Structure formats: C-alpha cells, structure tokens
Amino acid sequence: MGIVFEFPDYYLFPNGLWVTFQLSVLALAGSLVVGTVVALFRVSPVTPLRWVGGGFVEAFRNTPLLVQLFFFFFGLPLLGIRLSAEPLESNFRAAVIGLALYHAAYVAEIVRGGLLAVDKGQIEAARSLGLSYVGMIRYIQLPQAFRAVVPPLGNIAIALVKNTSLAATIGVSELLQGGELIESRTFRSVEAFGAVAILYLFLTIPMGLGVNWLERRMLVVR
Amino acid sequence: MRPDTWHLFVDPAILKFFGEGLLATIGLSIASIALSFVFALLFALGRLSTRWWLRLPCIGYIEGIRALPVLLLIVYFNIKGSALFVPIFGADFELPRFWAGVLGLSMYTSAVLAEIIRAGILSLPRGQTEASRALGLSYAQSMRSVILPQALRLMVPAMMAQLTTIIKDTSLVGTIGVFELYRSAWIIFTQNFNPIEALFFIAVVYFVICFTLSQLSRRLEVGRAPREVRIKIAELQLRDQVA
C-alpha cells in the first residue's frame, strides 16, 4: 500500500482526492441551483413551464450519465462552445456541467416533493396577506421545503461523490484515474485500487453517517 | 461546418450494428440482475441472521460496497478478474470482459438489492413469522414458504426500478471495451466524428427503455407496499442511483 502514497507524482493523494473533492463540491452546488429552479418550474401555475421542467427531469434521469458526460465533452466544442483554452481545464468543466445537470434532475424531484408537502393553508395565508407569488415562494414555501429535503439531498450528495469517478473516462485526473495510472505503471492492482477504494470510503462513509444522523434528528423534531 | 451525418441513422447496416449493441446491453443487464438477485438474497438473509459471525460480514459487505463507485469495481474486475479465477479454472484462464463487467455490476447491485429485500422482509408484520413458527415450521421453512413469497412480491416495483439503474450502468461496462449500446455509438462516432448525433441517438434508445420501465414500476406501486417501506426504498435508491 505504501507505494501508492509515496508514488512520485502524488496521483492519488492528495491530488486525486483534491480533484474529486472539487468536482463534488462544484457539481453539487450547480445541481442544487439548477434543481431548485427546475422544481419551481414543475410546480409553477404556468403549464408550458411545467412541461419544460418535466421534460428536463425525465430526459436527464432516464439516460446514462456516461452518455451525458461524453455529450458535453465532445458536443459543446463542436457546437462552438469552448469551455476553456486549456484542454485539462475544459475536461474538468465538462465533467462539472455533466454531473451538475444529471443530479439536478434528482434534486428537482426531491425539492418538488418538499414544495408540494408544504401545507396549502400556509400558501393561501401568505397570498391573502398580500405577498406576491415570488415573495410567497421565497419567504414561505422554499424555506419550509428545504428543511424537509435535507436528508434526501444528502443521499444525492453521496451518489454524486461516487459518480465523480465517471469523470475519469473524459480525462479528468481524479481518484479513479490516479489509481489506473499507478496500476499501469506498477502492475500492483490490489494496492492501487485498494487505496482508491479507501479514499472513496473516506469521503462517502462519513457522509452516510451524517445523513443517517440527520434523518434521525428530523424524525424527533416532527 | 461539419457534414450532416443524420442519414447514417436510417442506414439499415448501421441500425443493425446498434441493434447488436442493444442486444448486448440487454444481455448484460439480465445476467447482472439474475446474478445479483441470488447474492442479494443470501446477503439479506445473512444480515437478518441472529448469529453475529454471519451478520457482521454481511453488514460490512453491503455498507462497504454501497459506498464505492460502481466504475471502480468494473475497472478492478477488468484488470484483476482473470487472476481471481486462476485457482479454480487453472493458470491460463482468462475472464471474458463481458463477465468482468457482469461481476462488477452485480457485486454492486447485489448490495443494493440486499437492502431492498431486507426492507421488504422487515416490513411484514411480526405475526407472520410468529404464527408460522408456532405452527411448527422451522426458521428455514417459514422463510421459504411464508416470509419470502410475501416480501419479494412487495418488492417487485423497487426491483424493476433497480433494473432501469442497471440498464443505465451497463454503459460503464462499455468503457472497459465490452461491446454494448454505448460502445456501439462510440465506435460509430470515433469513425465518423459525429458524437452529437450518435450519442443523441443512443440517448433516445436508453430513454425509451428506462422511461417505459420506470413508468411500469410506478404503475405497479399503487396500493402495494406500506408507506414507510416505500419511503425507505426511495431513500435507498437515491443513494445508489448511479450513471
């Protein structure tokens, strides 16, 4: 196992771990923003907006993430959108965009559930007190919805961390690719992939425990 | 501007090529879900066992594997799979990549399915076990003929939802060089340099299959498992919904 951590280029630790971490945080932030907007589309009183939201969710949920990643990776430059002048940076940005949009579809479904679970009386009271629709969403419906959806969003975050491994296929030097590089140079696959597995567990197990703790805490409050 | 390549996707030869890829994807999915169902049943029963030396390894396996990316397992079996079977099949055994992919996929899916099955078993009223034991059935008999038939029937929609996840995950097996639907598109677009068209085409195929299956599982769900179980399953699946 020692060779992995002493390996000259520090592929895995700390570089690979750091890239995985950056990918996860950026993609999670993106998916929360996009997902919330799509969820608002899905509950909006305007029918075409609801169609757009529904189409987004179904399209991104029912196709493989790998296909989406490659679509952004190869497709955006062909459509004339260059993400960055530097090739490695543009791989990274394509991965962030792909991961964010894919998970945004799941986030949207969860947030929508949270929005619909808010008591109708709250909405009616807010409107009759003179709040505009936007104000009601902003101050009444969203804050209450977010409280209820924190644990399921934690599950999405765990899935997202695991899914960052797919970025290796479009040439982002994160954990899995670091492991593959070390394996291809040393042929010590057990150590190399064992170390990758341990580093992933190092990220996902604490998150899992955190989500379980949150779930229990929310149960008590209710 | 690039030349328009949409005409490729009505060419019968190319469509046949994609069809072969689709068949391989379906084969991969069925092989993985069958294999993982068998192991999932064992791990679920093991985790419910009262013997700690049976329960603890099962908990470790289920929680450990669920916390790992499935692509890592697939890549690992692709490289190391042959060596693992050398003690059984002899020194010159080489694991076909198809089966390396199936192993990686089913190792992951068996952990997820085990949790689904366990949730199903736990959702049954305790009276079912107690009554069957009181009638003189052994633990194994009551599991086999009373508990499991009811639990598995409750879990059919959840398992179908898991099948759509597996179908999406088979695209990962394409990255280790197994010919399947994603790989067939990869071959087409690396030769014709039309990734947008080729990926859009297979995305539509994946969408049709997965959307139909998920609608079907939603239809089946009506009036089945109790509410708490459905919530528990939904949470499980969020965490394990991969690619």
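This report walks through chain B of a predicted model, its contact with chain A, and a few single residues.

Residues are numbered from 1 along each chain as its sequence is written, while chains are lettered from A and ligands numbered from 1 in the order in which they are written. In this predicted model, local features need pLDDT of at least 70 and side-chain atom pairs count only at pLDDT 80 or more, but totals for chains, interfaces and linings use all residues.

**Chain B as a whole**

Chain B has ten helices and zero strands. Helices (H or I, at least four residues) and strands (E, at least two) are DSSP runs, numbered from the N terminus. Along the sequence the pattern reads α-α-α-α-α-α-α-α-α-α. Along the principal axes, the C-alpha atoms of chain B fill a box of roughly 75 × 50 × 25 Å. Chain B has 243 residues, and 42% of them count as buried. A residue is buried if 20 or more other C-beta atoms lie within 10 Å of its own, exposed if 12 or fewer, and partly exposed in between; these C-beta atoms are placed from the backbone.

Two residues are in contact if their C-beta atoms, placed from the backbone, lie within 7 Å. Take the contacts in chain B with a separation of 6 or more: residues 24 or more positions apart account for 77% of them.

**Where chain B touches chain A**

The contact draws 36 residues from chain A and 31 residues from chain B. On the chain B side, H3 (70-89), H7 (156-174), H9 (195-221) and H10 (227-240) each supply at least two residues. H9(B) gives the largest share, ten residues. By class, this side of chain B has 22 nonpolar, four polar and five charged residues. Nonpolar means Ala, Val, Leu, Ile, Met, Phe, Trp, Tyr, Cys and Pro; charged means Asp, Glu, Lys and Arg; the others, Gly among them, are polar.

**Helix H7 of chain B**

H7(B) has 19 residues and spans 28 Å from its first C-alpha to its last, close to the expected 27 Å. The expected span is 1.5 Å times one less than the number of residues. Of the 19 residues of H7(B), 16 are buried, so the helix is largely enclosed by the rest of the structure. Ser171(B) sits in this helix. The C-alpha atoms of Ser171(B) and Ile147(B) are 36 Å apart, with their positions 24 residues apart along the chain.

**A pair of packed helices**

How are H5 (residues 126-134) and H6 (residues 139-154) of chain B packed? Their angle is about 160 degrees, and their axes lie 10 Å apart. That makes H5(B) roughly antiparallel to H6(B), a label for angles over 145 degrees. Axes are lines fitted to C-alpha atoms, for helices over the stretch in contact, and angles run from 0 to 180 degrees between N-to-C directions. Gln128(B), Thr129(B), Ser132(B) and Arg133(B) in H5(B) meet Ser142(B), Val146(B), Ile147(B) and Gln150(B) in H6(B). These residues divide into two nonpolar, five polar and one charged.

**Single residues**

Two phenylalanines stand in loops. Phe187(A) has a positive phi of about 60 degrees although it is not a glycine. Phe193(B) also has a positive phi, near 50 degrees. The table sets out their places and surroundings, with Ser171(B) alongside.

| Residue | Place | C-beta atoms within 10 Å | Class |
|---|---|---|---|
| Phe187(A) | loop between H8 (175-186) and H9 (189-221) of chain A | 9 C-beta atoms | exposed |
| Phe193(B) | loop between H8 (181-192) and H9 of chain B | 13 C-beta atoms | partly exposed |
| Ser171(B) | H7 of chain B | 28 C-beta atoms | buried |

Technical notes: Angles under 35 degrees count as roughly parallel, over 145 as roughly antiparallel, 65 to 115 as roughly perpendicular and the rest as oblique.
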